[in-house]
Amino acid sequence: MISSAALQSPRLRHGFFTREGGHSSGLFTSLNCGLGSGDDRAVVAKNRGLVAAGLGVAPDHLLSAYQVHSAKVAVVDGPWASDDRPKVDALVTATPHVALGVLTADCGPILFADAQAGVVGAAHAGWKGALTGVTSATLDAMETLGARRGNITAVIGPTISQAAYEVGPEFPGPFIENDPDNEAYFKPSARAHHWMFDLPGYLMARIIAEGAGQVINLGICTFGSESRFFSYRRTTHRAEKDYGRQISAIALA
């Protein structure tokens, strides 16, 4: 588990969990927390139980959504069954002892907290969710629960780095149309008409512009450390049939 000093508070529990220390085997070795993977559901449940214990919550109080690469947010006030997960990409709560989790394997996991107000959030931000505003929607939803935007800390966890994230020729257009300054997050790839995209850099700049009080990027690349992180892109390069997901989660004590 990786933690951030920016989220250290008696009122908070959080962690950017790695793939290490779980019960899964094979492609999913070992702390696979992805309910949508092809891993044995009972083993995934055991892994999620380890995460819940690490955060000091009951196993059924570690919650994650059915992620759809959207800008949709759900307000959480208690647990749900795993098959009743909302189709959203961010969760917020002001309810103690509920851990909000997001699952990633290259996309950006972002944990949010206004410790003073007692409001936390978690967002899954791939390129599509980032562009369409999942971070802004998360901040808005936290404000409805009593958070003050200027008091919110946001921490971007392990995410694929620009050096590993090649995109096609059609990719920069929507970002630059949204804001010409977004051209700064693309640099030419070694392959003609392709680009290297800085997803964590884009996310950090966007959250700052959206008014969060403090924004931290841990600067850890999921692609480059196979022993620590699952990576969808690494799986794709190898033509493997499936991949695990690591979880990042936050709770109010």
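This short talk walks through the two sheets, some of the helices, the two main pockets and a few unusual backbone positions of one structure.

Before I start, please keep in mind that what you have in front of you is a predicted model, and that the values I quote were computed from it.

Let me begin with the sheet that contains the start of the chain. It is an open sheet of 4 strands, arranged in the order β1-β13-β5-β2, and the pairing within it is mixed. The edges are taken by β1, residues 12-16, and β2, residues 62-64, and because each of these has a single partner strand, one side of each is left without a neighbour in the sheet. On average, and ignoring direction, neighbouring strands here are turned by 25° against each other.

If we go through the pairs, β1 runs antiparallel to β13, with 5 bridges between them, and one of the contacts you can look for is F16, whose bridge partner in β13 is S248. On the other side of β13, which spans residues 246-252, we find β5, residues 99-104, again antiparallel and joined to β13 by 6 bridges; here L100 stands opposite I250. As a general reminder, strands of a sheet pair through backbone hydrogen bonds, either parallel or antiparallel.

Now, is an edge strand such as β1 enclosed or not? In this model 4 of the 5 residues of β1 are buried, so the strand is largely enclosed by the rest of the structure, even though β1 has a single partner strand in the sheet. Part of what covers this sheet is easy to find, since helix α1, residues 41-55, lies across β1, β2, β5 and β13, and runs at about 120° to β2.Let me turn to the other sheet, which is also open and has mixed pairing, and in which 6 strands follow the order β3-β4-β7-β6-β8-β12. Its edge strands are β3 and β12, the latter being residues 214-217, and each of them pairs on one side only. Neighbouring strands in this sheet are turned by 15° against each other on average, direction ignored. Within it, β6 and β8, the latter covering residues 153-156, pair in the antiparallel sense over 4 bridges, and I110 has I156 in β8 as its bridge partner.

A helix to look at alongside this sheet is α3, residues 134-144, where V134, T135, A137, T138, L139, A141 and M142 are buried. These buried residues pack against β3, β4, β6 and β7, and also against the helices α2 and α5. In general, an α-helix has 3.6 residues a turn, so residues three or four places apart point the same way. Just after α3, G146 takes a positive phi of about 110°.

I would like to move on to the pockets. The largest pocket holds about 580 Å³ of space. It is lined by 23 residues, and those closest to its centre are Q67, H69, C107, H124 and Y243. The elements that give two or more residues to this lining are β5, α2 (127-132) and α6 (232-238). By residue type, the lining divides into 12 nonpolar, 6 polar and 5 charged residues.

The second largest pocket has about 230 Å³ of space. Of its 14 lining residues, L35, R48, P59, L62 and S82 are the closest to the centre. Both α1 and β2 supply at least two residues of this lining, with α1 giving the most, namely 4 residues. Here the division is 7 nonpolar, 3 polar and 4 charged.

Finally, some backbone positions deserve a careful look on the screen. Where in the chain does the cis peptide bond between T29 and S30 sit? The bond joins T29 to S30 with omega at about 0°, and S30 belongs to the loop between β1 and α1.

Two residues that are not glycine have a positive phi. H69, which I named among the residues closest to the centre of the largest pocket, has a phi of about 60° and is found in the loop between β2 and β3. D106 has a phi of about 135° and lies in the loop between β5 and β6.

Are these two residues buried or exposed? With a relative accessible area of 38%, H69 is partly exposed, whereas D106, at 7%, is buried; the cut-off used for buried is under 20%.

Technical notes:
Residues numbered from 1 in each chain as written. Predicted model: local features only at pLDDT ≥ 70, side-chain atom pairs only at ≥ 80, totals over all residues. Heavy atoms only, no water. Pairing = 2+ DSSP bridges. Axes fitted to C-alpha atoms, helices over the stretch in contact; angles between N-to-C directions. Contact = heavy atoms within 4.5 Å. 1 Å grid on protein atoms, 1.4 Å probe; cavity = no way out; pocket = protein on both sides within 12 Å on 5 of 7 lines; lining within 4 Å. Points joined across faces, edges and corners; volume = space filled by probe spheres on them. Nonpolar A, V, L, I, M, F, W, Y, C, P; charged D, E, K, R; others polar. Buried < 20%, exposed > 50% of the residue type's maximum accessible area, 1.4 Å probe, protein only.
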